[in-house]
Amino acid sequence: MNTPTDFLSVSRQLAGKRVLITGTTGFLAKVLLEKLVRDVPDIKRFVLVIRASKACTTAAERFEREILSSSVFDRLREEQPEYLTHVVRDKFIFVTGEVTEPQFGLSPQAFAQLADSVDIVVNSAASVNFREALDQALEINALSLLTLTELTKLAGHIPLVHVSTCYVNGYNQGAMPEQLVEPTAKRVPRHADGYYEVRALIAELQRKIALVKRDCATAAEWPQALTELGIREANHHGWNDTYTFTKWIGEQIACRELHGKSLTIVRPAIIESTLCEPKPGWIEGVKVADALILAYARGKTKFFPAKPDEIVDVIPADLVANSIILSMAESLASPGQTRIYQCCSGASNPVKIGALIDILQTASQRNWQAYEKLFYSPPDHDFRCVTRPVFLATMRVMKLALGAIAWARTIVGLKPSFATLEAFNTTHELAVVFSFYTSPHYTFQNTQLQALEAQMCEHDRRVFSVDARQIDWADYMGRIHLAGLNRFALKERPRTKAPLDLVAPDAAHVATANVR
C-alpha cells in the first residue's frame, strides 16, 4: 500500500526553487505562469527571460505591458489582488535577453550569475509560424537549445523542461509513442546514444540560407525566399512545414547536449482554449481550429480538404500547463534522465474531424447571436469536408473562372477583387497552412504521461490533472471554446472591412497559433 511519501508532490518538489521560464509573452507560457503563481505558492523565485521590443526596452517593462496586464491574471486580480502584487514585487526577476543570442546576449559574468540563480529551466520560447523564414525558425526553435543547455550545465546540471510539439512526428504514420522520432526520409544518421546527429544537417541548412540571401537582389526578398526554402527542406527531410522540422532538430540538440542529464521534452498536440483554468475558454489569439471557425463565421469558406473519420488531436491549454508542472516536479525528484511526454487527446479521448465540425456548426447555428464578435450575421451555409482530390479539382476550376471574372472587372474599370475571389483565396490559404493537421495519419500516445499523473499524490492528480478523458467534446468545443474565443481572442467588429488574419498553432507557441 502506498504511503503519502511514496507519491510525487508538486508543492514539495518546487518549494524553495528558483524557476527560469522563457517564452512568457506567448499563450501557453502565460497559462503556465498563472497556474504556478496561483497554485504553487512556495516557489521561491520566478526568473523570466524576455527580449526587448520596439515599445519596451526592458524585460520588466514588457512584462508589465504584455503579460501582467493580460486577462489570464483576472482570476488572481479578482480573488487575491494583494497576493498577486506581493508575488510580482517579491518573487519576480526580469532578465532582458534574447534566447537566439549566445548566452542570451548577456556578458559572460551576467550569464554565470544567472546560472547561479536558478534551479530549473522551462523553455516555452518558440516561433510557431508554420511558414516562418528558415533562418528565423532554425535560430529560435533549434539553435537556441545550445544556450539553454549551456545554462543548465553551468548551473550544475539542473533540469531542463523543453516544450516541443507532437507534430515532430512529421510524415510518419500509425501509433506515435513518446520517444524520439525517426525521420521518414531517413537522411539523418542516428547516434549510438539514441538521438539523431544533426550537426551536418544544420551546417547544410545554413549554407543554403547563405546562398539564398546571396542570390536575392535585396534584403527585402529574404523572408519570402527563406520561407520557400524552409518548406522545401522540411518536405525533403520528412516534415510538412518549417515549424515542425526545426522543432525536431531542437529536440535532437537538447538530447545530445544533455545526454545522461536531466531533460524532459513535453510535446503538446493542437493547443486550444483552457478547459477550466484560470477561466474556462481562456485563449489569446487565433489558433488552428479558430482560423477555420473564423473563416466559416465570416462566410469566407464553405469546404476544406479533410477526412471526416480521422482523429484531430486537440488539447486544452491548461492540461498542457499541468503536464509541464508535473514534469518539473518529477525532474527535480528524479534527476539524470531523459523523458518524453505527449500531451494529447487522440489515444485516450479521440474526436474525429467530422464530429468536431458537426459540434461547432450546430452550436454556431443555434447560438450565433451570443458570439457577436465572431458572427456578424447568421451562418447561412454548411461547412463540408471533401477529399483532397475533389478539393484540388474544385479549386482548379474556381481559379480559372474567378481569374476570368477578375480580368473582366479590370477591363470595365472595377476592382479585380470581389467577395467570391476573397473567399477562394482564404480557402486556399487555410488549406495550404492547416490541411496537414486536419488529415492526420497517426495517433499520438500518452501512456507515459498518464503514468506520471498516477505517481502524483491525490491532491496533485486533482489540481494538476492532465487526463484528456475529462473533456466532453460537445460542451468544450460547442460552448466553452466558442464563448472563450468570442470573449478573449476577438476584437469588436471593425467599422471598415479588414482581411482575415490567418496566424498559425502554440504554444506555442507560434504568429501565435499553437500546434506546439
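A residue counts as buried here when its relative accessible area is under 20%. Keep that cut-off in mind, because in this predicted model strand β7 (residues 263–268) has 6 of its 6 residues buried, so the strand is largely enclosed by the rest of the structure.

**Strand β7 and its sheet**

Let's look at β7 a bit more closely. In a regular strand the side chains alternate between the two faces of the sheet. On one side of β7 sit Leu263, Ile265 and Arg267, and on the other Thr264, Val266 and Pro268; all of these are buried, so both faces are covered.

Where does β7 belong? It is part of an open sheet of 7 strands, and the pairing is parallel. Reading across, the order goes β3-β2-β1-β4-β5-β7-β11. At the edges you'll find β3 (92–96) and β11, each of which pairs on one side only. Neighbouring strands of the sheet are turned by 15° against each other on average, if you ignore direction.

Three of the pairings in this sheet, each with one facing pair of residues, look like this:

| Parallel strands | Bridges | One facing pair |
|---|---|---|
| β1 (residues 18–22) and β2 (residues 45–50) | 5 bridges | Ile21 and Leu48 |
| β5 (residues 160–163) and β7 | 4 bridges | Val161 and Thr264 |
| β7 and β11 (residues 338–343) | 6 bridges | Thr264 and Arg339 |

Thr264 is a handy landmark: it stands opposite Val161 of β5 and also opposite Arg339 in β11.

**Helix α2, between sheet and helix**

Now for helix α2 (residues 27–39). This helix packs on the sheet, touching β1, β2, β3, β4 (120–123) and β5. The direction of α2 makes about 165° with that of β2.

Helix α2 also has a helical partner. Two packed helices are described by the angle between their axes and the distance between the axes. How do α2 and α12 (residues 317–333) pack? Their angle is about 60°, and the axes lie 9 Å apart. That angle makes α2 oblique to α12, and α2 passes α12 in a right-handed crossing.

Which residues of the two helices meet? From α2 come Phe27, Leu28, Val31, Leu32, Lys35 and Leu36. Across from them, α12 brings Ala317, Asp318, Val320, Ala321, Asn322, Ile324, Ile325 and Met328. Sorted by kind, the residues of this contact come to 11 nonpolar, 1 polar and 2 charged.

Notes:
Residues are numbered from 1 along each chain as its sequence is written. This is a predicted model: local features need pLDDT of at least 70, side-chain atom pairs count only at pLDDT 80 or more; totals for chains, interfaces and linings use all residues. Side-chain values use heavy atoms; hydrogens and water are left out. Buried means under 20% relative accessible area, exposed over 50%, partly exposed in between (1.4 Å probe, protein chains only). Two strands pair if DSSP finds at least two bridges between them. Axes are lines fitted to C-alpha atoms, for helices over the stretch in contact, and angles run from 0 to 180 degrees between N-to-C directions. Angles under 35 degrees count as roughly parallel, over 145 as roughly antiparallel, 65 to 115 as roughly perpendicular and the rest as oblique. A crossing is left-handed if the near helix is turned anticlockwise from the far one by less than a right angle, and right-handed if clockwise. Contact means heavy atoms within 4.5 Å. Ala, Val, Leu, Ile, Met, Phe, Trp, Tyr, Cys and Pro count as nonpolar, Asp, Glu, Lys and Arg as charged, and the others, Gly among them, as polar.
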